[in-house]
There are 2 protein chains.
Amino acid sequence: MNAALLDALGRELGPGFVYDEAARDAAAKDDAGLLIPPEAVFFPADAGDVSRLMVLAGRHGFAVTPRGAGTGLAGGCLAVAGGVVVDLSRMARITLLDTANLCAAVQAGVVTQTLRQAAKEAGLFYPPDPASLTTCTLGGNAATNAGGPACVKYGVTRDYVLGLTAVLPDGEVVRCGTATRKGVVGYDLTGLMVGSEGTLGIITELTVKLIPHPREVRAAAALFPDARAAVAAVAAVMAGGVSPCALELMDRACLGIVAELLPFELPGPEAALLLFEADGDPDQAARDIGRMEAVCRDGGALAVLPAQNAQEREELWGIRRQISTRIHESAPFYLSEDVAVPIARIPDLIDALPALGQRHGLRVYAFGHAGDGNIHVNITGEAGSRDRAMALARDLIAEVLALGGTMSGEHGIGIAKRPFIDMELSQRSLSLQRGIKAAFDPAGLLNPGKVLP
Amino acid sequence: MNAALLDALGRELGPGFVYDEAARDAAAKDDAGLLIPPEAVFFPADAGDVSRLMVLAGRHGFAVTPRGAGTGLAGGCLAVAGGVVVDLSRMARITLLDTANLCAAVQAGVVTQTLRQAAKEAGLFYPPDPASLTTCTLGGNAATNAGGPACVKYGVTRDYVLGLTAVLPDGEVVRCGTATRKGVVGYDLTGLMVGSEGTLGIITELTVKLIPHPREVRAAAALFPDARAAVAAVAAVMAGGVSPCALELMDRACLGIVAELLPFELPGPEAALLLFEADGDPDQAARDIGRMEAVCRDGGALAVLPAQNAQEREELWGIRRQISTRIHESAPFYLSEDVAVPIARIPDLIDALPALGQRHGLRVYAFGHAGDGNIHVNITGEAGSRDRAMALARDLIAEVLALGGTMSGEHGIGIAKRPFIDMELSQRSLSLQRGIKAAFDPAGLLNPGKVLP
């Protein structure tokens with residue numbers, strides 16, 4: 001994009017269109033650790049602005065990459081083909097909170113926690129809770145079909161998006177889905193757009209389902225001698241008639257870097273920790289957490305640590321959060337993989353990790369949503385480790401696929417996993433997806449270079 | 001298809017390929033009341049058989065229409081363009097019931113109730129419960145994204161399909177989705193195939209999510225002076241922190257045809273009945289049903305009738321089932337519409353029905369899943385009423401769309417609602433869907449004449 005084009009776009013699109021270095025740098029990264037500045041950034045005020053941008057993109061042939069809060073872990077919002085990043089963070093109004101019909105309508109830039117809080121004040125619950133929920137946006141959550149700890153009980157973002165408005169690559173605004181809790185009229189364009197990582201359309205507004213807010217949540221942790229015992233307890237909990245609203249696993253490598261935060265001595269070189277929660281009415285939450293504690297004791301837990309109050313619950317989650325933070329800060333290079341395997345195969349996956357790390361000269365940590373089989377494998381190393389980390393990721397994904405799993409449970413493909421996607425999907429599956437992409441974006445203007453190889 | 005072609009196909013495909021009059025008549029109808037015999041019927045033993053049929057269809061240019069148990073209400077499995085119906089009912093094996101990973105793998109012809117029962121015996125629950133669950137198949141449920149009473153708490157079929165195998169129109173077999181509870185690798189082809197009414201591929205196998213089976217279910221009914229009071233109670237229940245696992249509404253017209261089954265006198269010309277259930281642990285189910293009874297009493301219920309045991313629960317559901325049966329049998333002509341509106345607008349919908357019936361000289365009944373806003377509007381009349389019924393349906397759908405609703409909550413489009421689909425979907429939405437259809441089925445061999453106009 002030359003200076004004349006940038007000037008012309010600035011005149012057409014107004015003060016929301018910026019291309020100074022500070023703005024470009026601010027849009028150059030997400031949480032995947034890459035740095036790819038766009039040529040310009042546009043902050044639309046409404047879907048009409050987004051539409052005008054897409055019409056101009058078609059006329060002048062530049063790429064457009066949508067962006068929420070930039071908390072993704074796969075580089076999905078980075079402008080790998082140059083062009084304009086469209087940052088939806090200023091479209092941040094909750095336009096409807098309907099307590100009679102249990103739904104909300106939000107602009108794409110509403111922060112997830114803002115909706116959760118507004119719903120809670122009305123006695124309602126929006127369950128999806130990605131780790132970045134205090135900063136990430138619902139548009140980004142929808143684009144990536146974000147998950148989170150609560151999804152083991154409540155499902156992922158797609159399960160809550162009833163309908164949406166999107167700007168198509170040619171600038172036309174299309175409405176998909178319904179404002180009702182059911183709808184089967186035509187193909188599920190809403191569900192297709194959710195998880196398409198901004199490659200089919202730019203989501204500008206969402207109608208989401210809400211449910212009654214649980215009255216209470218209780219938490220506990222259990223320490224096991226090894227991951228195999230911990231995962232056996234996960235399987236026993238999941239099959240035992242209790243629906244936990246979180247069931248998180250942390251392996252020995254993770255526990256090692258937060259050792260001084262733990263209210264126990266680490267018992268050996270293989271220990272693993274489970275953090276679990278139950279919600280509902282107070283007596284039900286108490287009983288369910290008690291049942292899960294009993295399952296853990298029966299399964300050989302060395303210690304069971306119930307949170308007696310909100311502060312103790314916060315301390316347990318603090319361990320989980322600190323693990324993530326400290327891994328990130330522990331080394332110059334960091335890569336977050338996000339595999340999922342059938343629950344019973346989690347121990348096989350965790351057993352395989354030390355050898356994978358040794359083979360590639362990198363450190364490997366595993367924690368995540370064990371009740372979903374969704375394990376965040378975090379890889380760290382010295383500066384300049386990216387090639388080795390990608391080689392490790394390839395080996396990891398091969399192992400995961402052999403275990404019957406998938407390379408991404410909730411982070412998506414973006415550019416980070418694009419080199420590996422054909423390890424999991426057949427050529428025919430990919431060609432069908434290219435056919436869908438071509439039906440939506442024949443000129444390839446929208447988020448090019450993402451997802452499909 | 002001439003006799004030579006039929007003979008040749010019989011030789012190629014073996015004894016599963018039949019074209020005698022009895023077989024063609026058996027495949028000529030579903031529950032929509034139309035009669036359209038195909039030219040032949042094929043009973044495949046596996047996906048390879050289906051693939052061979054599709055290759056032959058491509059070579060000879062005949063249409064193929066997939067069929068499960070034929071319990072659909074939109075004509076989706078009828079061979080409107082002639083050709084071959086592929087009946088998957090003999091592919092009826094549960095190939096995996098995995099209690100550690102809480103999932104099952106089934107062939108498309110497994111009857112819904114068969115899976116529910118097998119899961120229950122393992123302590124697990126497959127929630128979707130269409131009214132035809134004792135005969136309908138999981139392949140058909142997936143093709144139509146079937147719902148049912150339990151979906152108000154547990155979601156619809158799409159929420160339980162983790163992955164699937166399908167034969168594409170050119171005969172290639174493709175696998176979509178995962179065996180894990182989460183997965184975001186590429187576009188959601190699984191979710192797209194679910195609800196596509198057999199127009200994109202023939203689903204031959206499904207991997208479905210299971211959840212722990214609730215220990216108890218409790219039911220009660222409440223009689224209201226009018227539908228508006230009943231629906232106000234529905235909204236109060238839904239927003240009140242209880243998640244009912246069924247919340248069914250029956251209007252005065254429905255109650256009239258089962259009057260002698262009711263354990264109360266009908267109080268007036270506007271009465272409405274709610275049937276609701278709660279499940280979970282025994283004490284939780286009892287408390288939740290008690291809360292819903294209290295909400296109904298506070299909302300002006302004339303009578304509240306708790307089911308004290310399984311037999312009384314069965315009697316309450318007997319009323320609901322008899323309504324459906326008797327409406328069907330009450331007149332020579334019958335049409336089932338399946339609209340959904342925001343919960344708070346159900347009374348407006350029900351208020352509009354008598355005038356609609358009078359305008360078109362037909363009888364109109366309304367019952368259904370009030371907690372979803374999904375109301376089955378049943379239309380009856382003398383033989384030869386189809387044109388008038390379709391005119392009524394058009395007026396009904398216009399009314400529903402004006403109320404913010406959708407023309408189909410769970411039955412789908414098929415041929416029955418195809419003339420109306422552009423009242424709800426924009427031309428651009430339809431053209432995107434045609435683009436998807438073309439990417440999957442460029443020759444238009446698979447279930448032609450359905451869904452998209």
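Two strands count as paired if DSSP finds at least two bridges between them. Keep that in mind as you work through this predicted model.

**Exercise 1. Find the partners of strand β14(A), residues 272-280.**

Start with strand β12 of chain A, residues 216-224: β12(A) and β14(A) share nine bridges and pair in the antiparallel sense. To see one of those partnerships, look up Ala221(A), whose bridge partner in β14(A) is Leu275(A). Next, try strand β13 of chain A, residues 246-250, which is joined to β14(A) by five bridges, again antiparallel. Here Leu249(A) has Leu274(A) as its bridge partner in β14(A).

**Exercise 2. Work out which faces of β14(A) are covered.**

First, a handy rule: in a regular strand, side chains alternate between the two faces of the sheet. Now sort the residues. One side holds Ala272(A), Leu274(A), Phe276(A), Ala278(A) and Gly280(A), and these are buried. The other side holds Leu273(A), Leu275(A), Glu277(A) and Asp279(A), buried too. So both faces are covered, and nine of the nine residues are buried.

**Exercise 3. Check the length of helix α12(B), residues 346-360, and look for a kink.**

Take 15 residues at 1.5 Å a residue; the helix should therefore span 21 Å. Its end C-alpha atoms are 21 Å apart, so the two values agree. Then look at Leu353(B): a kink of about 30 degrees lies there, shortly before the proline Pro354(B). Just after the helix comes Gly361(B), with a positive phi near 65 degrees.

**Exercise 4. Say what covers the buried residues of α12(B).**

Pick out some buried residues, among them Ile346(B), Leu349(B), Leu353(B) and His360(B). Their cover includes α8, β13, β16, β17, β18 and α13 of chain B.

Conventions
Residues are numbered from 1 along each chain as its sequence is written. Chains are lettered from A and ligands numbered from 1 in the order in which they are written. This is a predicted model: local features need pLDDT of at least 70, side-chain atom pairs count only at pLDDT 80 or more; totals for chains, interfaces and linings use all residues. Side-chain values use heavy atoms; hydrogens and water are left out. Buried means under 20% relative accessible area, exposed over 50%, partly exposed in between (1.4 Å probe, protein chains only). Helices (H or I, at least four residues) and strands (E, at least two) are DSSP runs, numbered from the N terminus. The expected span of a helix is 1.5 Å times one less than its number of residues. The bend at a residue is the angle between axes fitted to the seven residues ending there and the seven starting there. Contact means heavy atoms within 4.5 Å.
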